[in-house]
Amino acid sequence: MDSFEINNSMEEITNYVIDSSKKADEKADPPVKPEVVLNDDSTIDIIFNDERKLSEFLPDKLKIKDTPDFNKPILYKVISEDGEIQNLEVRINHEWLKKGGSAQVAIFAHEIGHALAIEEEIKRNKELKELFEKHPSFDVIDNNVKAYMTYCFLKRASGKLDNEIQAWNYGKIVATLLGINDTQYEDIMRPQIEGMYYAVYLPTYDFIKDLYRGDITSLNKDITYPLYDSSQQKEILVTAEELLSAFNKLDDDKYKRNIKETGNFKS
Ligand SMILES: [Zn+2]
């Protein structure tokens with residue numbers, strides 16, 4: 001997939017951001033908002049003060065597409081069975097983006113972050129599919145079927161959160177490019193990421209509870225479990241007790257409040 005060089009994109013964007021901020025410091029001019037333009041083919045581009053364009057930094061396959069009445073950026077993707085990217089668009093209403101305040105721009109940047117993280121997402125999904133399909137033989141898992149299923153569902157939760165965190169990190173760099181500083185970006189995105197944590201772990205918890213017929217304390221204590229640690233931004237292995245305590249901390253009200261905020265952005 002030579003035409004889709006993500007890591008290149010991130011490195012280029014980062015260098016450009018550092019460069020531009022150095023130049024801005026030297027001139028001490030107030031930053032000028034980049035210009036949002038609509039092309040004839042209904043793609044959107046963003047032009048910076050030095051005339052460079054956002055599209056120059058993004059992989060060729062990725063398009064930003066004007067979608068009237070679409071006041072919520074969304075990543076539209078078509079990926080073939082064998083994991084080839086066939087279509088990748090961030091869809092957004094041009095007028096909305098043009099008028100957009102920092103919250104709109106941050107969410108837009110986050111969706112671009114998802115696009116830039118797509119190859120890693122495809123890789124994770126493939127590993128997950130293999131985990132479900134190529135399970136150990138049943139004589140090996142035998143009495144541990146529940147533990148195996150618990151493990152699979154926890155891996156799926158980690159994968160989803162990994163995708164989000166990566167989009168959040170890439171999106172943060174893109175947001176800087178668009179004039180949103182780190183503090184603004186974090187204020188806007190933190191409740192959304194927190195909302196995702198609940199949105200991912202509550203159904204996982206419910207599933208595992210059902211698996212153990214409501215008595216989750218009978219969880220196998222001899223093994224460790226994968227759990228996503230948001231502060232370390234990675235999956236860690238925890239004991240059954242630690243997993244139970246993490247589940248106990250999921251509180252419904254917090255989840256409902258956050259899911260409302262999460263409604264502003266999709267996956
Ligand atoms: Zn997201």
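This is a tutorial dialogue on how to read the features of one predicted model.

User: Where should I begin, and how many helices and strands does the chain have?

Analyst: Begin with an overview, and keep in mind that the model is predicted. The chain has 9 helices and 7 strands, and of its 267 residues 27% are buried. If you take the contacts between residues at least 6 apart in sequence, 70% of them join residues at least 24 apart.

User: How do I read a sheet, and what is the order of strands in the open sheet of 3 strands?

Analyst: The general idea is that strands of a sheet pair through backbone hydrogen bonds, either parallel or antiparallel. Here the open sheet of 3 strands is ordered E3-E5-E4, and its pairing is mixed. Strand E3 (62-66) and strand E4 (74-79) are the edge strands, and because each has a single partner strand, one side of each is left without a neighbour in the sheet. On average, and ignoring direction, neighbouring strands of this sheet are turned by 25 degrees against each other.

User: Which way do E4 and E5 run relative to one another, parallel or antiparallel?

Analyst: E4 and strand E5, which covers residues 85-92, run antiparallel and are joined by 6 bridges. You can find one facing pair by looking at Lys77, which stands opposite Leu88 in E5. The sheet also has a helix against it, since you will see helix H3 (residues 102-116) packing on it and touching E3, E4 and E5. The direction of H3 makes about 175 degrees with that of E5.

User: Is Asn87 buried or exposed?

Analyst: To judge this, count the C-beta atoms around the residue; 12 or fewer within 10 Å means exposed. Asn87, which is in strand E5, has 11 C-beta neighbours inside 10 Å and therefore counts as exposed. Leaving out residues up to four places away in sequence, Asn87 touches Lys77 and Val78. Asn87 and Lys63 are 24 residues apart in sequence, while their C-alpha atoms are 8.8 Å apart in space.

User: And what about His114, buried or exposed?

Analyst: The threshold for a buried residue is 20 or more such atoms. His114, placed in helix H3, has 25 C-beta neighbours inside 10 Å, and so it counts as buried. Not counting residues up to four places away in sequence, His114 touches Leu75 and Ala167. With Tyr170 the separation is 56 residues in sequence and 7.7 Å in space, C-alpha to C-alpha.

User: How do I read a nonpolar core, and how many residues does the largest nonpolar core have?

Analyst: In soluble globular proteins, nonpolar side chains tend to be buried together. In this structure the largest nonpolar core has 36 residues, and those with the most contacts inside it are Ala106, Ala109, Ala115, Val174, Ala175 and Leu178. At least two residues of this core come from each of strand E2 (44-47), E3, E5, H3, helix H6 (145-177) and H7. The largest share, 8 residues, is supplied by H3. If you follow Ala106 and leave aside its neighbours within four places in sequence, you find it in contact with Ala175, Ile180, Gln184, Tyr185, Ile188 and Met189. There is also a second, separate core of 12 residues, which includes Ala157, Leu161, Tyr197 and Tyr205.

User: How can I check the length of helix H7, and where does H7 bend?

Analyst: Compare an expected span with the distance between the end C-alpha atoms: at 1.5 Å a residue, the 30 residues of H7 (residues 182-211) should span 44 Å, and the ends are 42 Å apart, which agrees. H7 bends by about 35 degrees at Met189, and the proline Pro191 follows within four residues. Among the buried residues of H7 are Tyr185, Ile188, Met189 and Gln192.

User: Which residue other than glycine has a positive phi in the loop between E6 and E7?

Analyst: Look at Gln233, which takes a positive phi near 55 degrees in the hairpin of E6 and E7, where 4 residues lie between the strands. Strand E6 (residues 225-229) and strand E7 (residues 234-238) run antiparallel, joined by 5 bridges, and Tyr228 stands opposite Glu235 in E7. Gln233 has 13 C-beta neighbours inside 10 Å and therefore counts as partly exposed. Another case is Glu51, not a glycine, with a positive phi of about 75 degrees. Glu51 is in the loop between E2 and E3, and it counts as exposed because it has 7 C-beta neighbours inside 10 Å.

How values were computed
Residues numbered from 1 in each chain as written. Predicted model: local features only at pLDDT ≥ 70, side-chain atom pairs only at ≥ 80, totals over all residues. Pairing = 2+ DSSP bridges. Axes fitted to C-alpha atoms, helices over the stretch in contact; angles between N-to-C directions. Contact = placed C-beta atoms within 7 Å. Expected span 1.5 Å × (residues − 1). Bend = angle between axes of the 7 residues up to and from the residue. Core = buried A, V, L, I, M, F, W, Y, C linked by C-beta atoms within 7 Å.
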